[in-house]
Amino acid sequence: MKIKLICVGKLKEKYLKEGIAEYVKRLGRFTKYDVIELADEKTPDQASPAENLTILAKEGDTILSKIGDRDYVVALAIEGKQASSEDFAKHLEKMTLSGYSTFTFIIGGSLGLDARVKKRANHLMSFGSMTLPHQLMRLVLLEQIYRTFMIQQGSPYHK
């Protein structure tokens with residue numbers, strides 16, 4: 001199994017880098033992990049709706065170019081489905097048993113994700129209706145992926 005994370009924007013904060021590095025290390029015993037950081041398009045102050053759509057389309061083109069044909073794609077989107085950690089673990093296990101070996105998670109930029117990326121996704125996932133910084137979302141997502149492996153093993157980590 002391979003976990004691939006495609007995210008718009010660079011990680012800057014040291015404390016987040018350290019937290020992410022810890023979960024990447026922990027994940028190493030279960031899976032290969034790869035992160036693809038894409039440059040975010042510059043959004044002008046007071047951008048018009050048309051300008052925002054253009055920015056989303058450019059980011060969408062880049063994201064779509066990084067997704068494999070056989071990847072199981074999970075896009076993080078506010079309108080996506082919320083699930084418990086246990087349900088998330090069951091879902092990934094079911095998809096693994098269905099023959100998927102590469103799971104690609106996508107975190108968009110400040111404007112979200114282009115509609116084409118959401119359409120390509122096999123699953124839209126939401127962590128709730130609150131807005132979180134994209135860099136923090138990376139850490140939260142990696143912790144939940146690690147938690148998934150621990151749940152599948154019956155580890156007390158999850159308790």
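How are helices α3 and α5 oriented to each other, roughly parallel or roughly perpendicular? To find out, begin with the two helices themselves, keeping in mind that this is a predicted model, in which local features need pLDDT of at least 70 and side-chain atom pairs count only at pLDDT 80 or more, while totals for chains, interfaces and linings use all residues. Residues are numbered from 1 along each chain as its sequence is written, and side-chain values use heavy atoms, with hydrogens and water left out.

**Two crossing helices**

Select residues 85-97, which form helix α3, and residues 134-153, which form helix α5; helices here are DSSP runs of H or I with at least four residues, strands are runs of E with at least two, and both are numbered from the N terminus. The two axes come within 9 Å and cross at roughly 80°, where an axis is a line fitted to C-alpha atoms over the stretch in contact and angles run from 0 to 180 degrees between N-to-C directions. The helices are therefore roughly perpendicular to each other, a label given to angles from 65 to 115 degrees.

Next, show the side chains of Ser 85, Glu 86, Phe 88, Ala 89, Leu 92 and Glu 93 in α3, which meet Gln 144, Ile 145, Arg 147, Thr 148, Ile 151 and Gln 152 in α5, contact meaning heavy atoms within 4.5 Å.

**A salt bridge inside α5**

Stay on Arg 147 and add Glu 143, with which Arg 147 forms a salt bridge whose closest N and O atoms are 2.9 Å apart; the term means a side-chain nitrogen of Lys or Arg within 4 Å of a carboxyl oxygen of Asp or Glu. These two residues are four apart in helix α5, so about one helical turn separates them. Arg 147 counts as buried at 16% relative accessibility, and Glu 143 also counts as buried, at 13%; buried means under 20% relative accessible area, exposed over 50%, and partly exposed in between, with a 1.4 Å probe and protein chains only.

**Salt bridges elsewhere**

The whole structure holds nine salt bridges. Select Lys 118 and Glu 79, whose side chains meet in one of 2.7 Å, N to O. Lys 118 lies in helix α4 (residues 115-120) and Glu 79 in strand β3 (residues 72-81), so this pair ties together parts that are 39 residues apart in sequence. Lys 118 is partly exposed at 24% relative accessible area, and Glu 79 is partly exposed at 45%.

Finally, select Arg 116 and Asp 114, which form a salt bridge with their closest N and O atoms 2.6 Å apart. Here Arg 116 is partly exposed, at 36%, whereas Asp 114 counts as buried, at 11%.

Note on methods
Parallel < 35°, antiparallel > 145°, perpendicular 65-115°, else oblique.
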